[in-house]
Amino acid sequence: MDTISHEPHPWDPKAGYPTIGARNITACVGNYHCICGNTNTFELARKIEPIIFPSHYHIKINISGCPNDCNKAHLCDFGIIGVARMTYHPERCIACGACVRVCQHGATRVLSANPAIGKAEKDPCCCVGCGECVRVCPTSAWTCQETKFYRVILGGRTGRQTPRTGKMFLNWATEDVILGVLKNWQKFSAWVMDNKPEYLHGGPLIDRAGYKKFKEIILDGVELNPECLVAEDMFWHETEYRSNFNVKPLSMHHTAGPKV
Ligand code: SF4
Ligand code: SF4
Ligand code: SF4
């Protein structure tokens, strides 16, 4: 890209890192062990490792195998969640209603029974890809598509001063898209910091560049799969503990409405 003047500095292993660079990738057990897992989290972590190491630039990646997000993809720089896309086979459906009940009680209530035709129906708008309907169906009338899909949550972090919860950047992205995006992370970090690495979390890094610039660099050369949705904009809510901003009385704020 013509807006990027330099490549990231090469890494000299003897010199160590100038900042706290890429952290270990963490993953829940995923479908290797958990019945809720939509994806193999270990395999994905192993594919990501050689992309983000070595690096001067900070990134913390958490991978969860399903939208339960036990591994807190919402609280790291780059969170990845395995999501399931389903195919319905109406000829196998015996109208038992199990999928409708599980979606109503444990998910997003997008399934309903159509007694006129004796089949299940789905409002595809709001399915979160948890995969519960697939697991409870006794006749495999719902099956998961072979392709693995992921949601990417950006910019979350814990911390003593200003924690924030990440927001959805991509939904229904394939593994190739995830790996392609991560290949651009160092390039984006180097651009924002003008090749002078600092310890800075992903959210503030994107704040500095602006989300539009982030999107331009991070998606450079990445071919999105047809199902993939990309956030048009991104707004984080940060909690500010240091100043007690949220809990101090209005009278202590610099301005709190017009003077009376
Ligand atoms: S996030 Fe999902 S797959 Fe991972 S441990 Fe929790 S329930 Fe299981
Ligand atoms: S995958 Fe979608 S349709 Fe199935 S239970 Fe979850 S939210 Fe409901
Ligand atoms: S659980 Fe399976 S068989 Fe029962 S209503 Fe749903 S799709 Fe049909």
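How do the residues of the shell around ligand 1 divide into nonpolar, polar and charged? There are six nonpolar, six polar and one charged. Keep in mind as you look around that this is a predicted model. The shell around ligand 1 holds 13 residues, and those that come nearest are Cys28, Cys34, Gly65, Cys66 and Cys70.

Now step back to the overall layout. The domain assignment splits the protein in two: domain 1 takes in 26-83 + 147-230, while domain 2 covers 86-144. Their centres, taken over C-alpha atoms, sit 30 Å apart. Where the two touch, domain 1 puts in six residues and domain 2 five. On the domain 1 side of that contact you'll find five nonpolar residues, one polar residue and no charged ones.

Next, have a look at helix 1, which runs over residues 41-52. Does its length fit what you'd work out on paper, and what should that span be? With twelve residues at 1.5 Å a residue, the helix should span 16 Å, and its end C-alpha atoms are indeed 16 Å apart, so the two agree.

Turn helix 1 about its axis and you can sort its residues by burial. Thr41, Leu44, Ile48 and Ile52 are its buried residues. Why do they count as being on the same side of helix 1? Because they cover an arc of only 65° around the axis. Arg46 and Pro50, on the other side of helix 1, are exposed. As for what the buried residues pack against, the list has three strands and two helices: strand 1 (26-27), strand 2 (61-64), strand 3 (78-83), helix 4 (175-183) and helix 5 (185-192).

That leaves the other two ligands. Around ligand 2 there are 15 residues, with Cys103, Ala107, Cys127, Cys130 and Cys133 coming nearest. Which elements give two or more residues to this shell? They are helix 2 (98-106) and helix 3 (132-136). By class, the shell around ligand 2 is made up of ten nonpolar, three polar and two charged residues.

Ligand 3 has 13 residues around it, and here Cys93, Cys96, Cys99, Cys137 and Ala141 come nearest. How many charged residues does the shell around ligand 3 have? None: this shell is eleven nonpolar and two polar residues. For ligand 1, where we started, the split was six nonpolar, six polar and one charged.

Technical notes:
Residues numbered from 1 in each chain as written. Chains lettered and ligands numbered in written order. Predicted model: local features only at pLDDT ≥ 70, side-chain atom pairs only at ≥ 80, totals over all residues. Near = placed C-beta within 6 Å. Nonpolar A, V, L, I, M, F, W, Y, C, P; charged D, E, K, R; others polar. Domains from an automatic or database assignment. Contact = placed C-beta atoms within 7 Å. Helix = DSSP H or I, 4+ residues; strand = E, 2+ residues; numbered from the N terminus. Expected span 1.5 Å × (residues − 1). Buried ≥ 20, exposed ≤ 12 C-beta atoms within 10 Å, placed from the backbone. Arc of directions from axis to C-beta.
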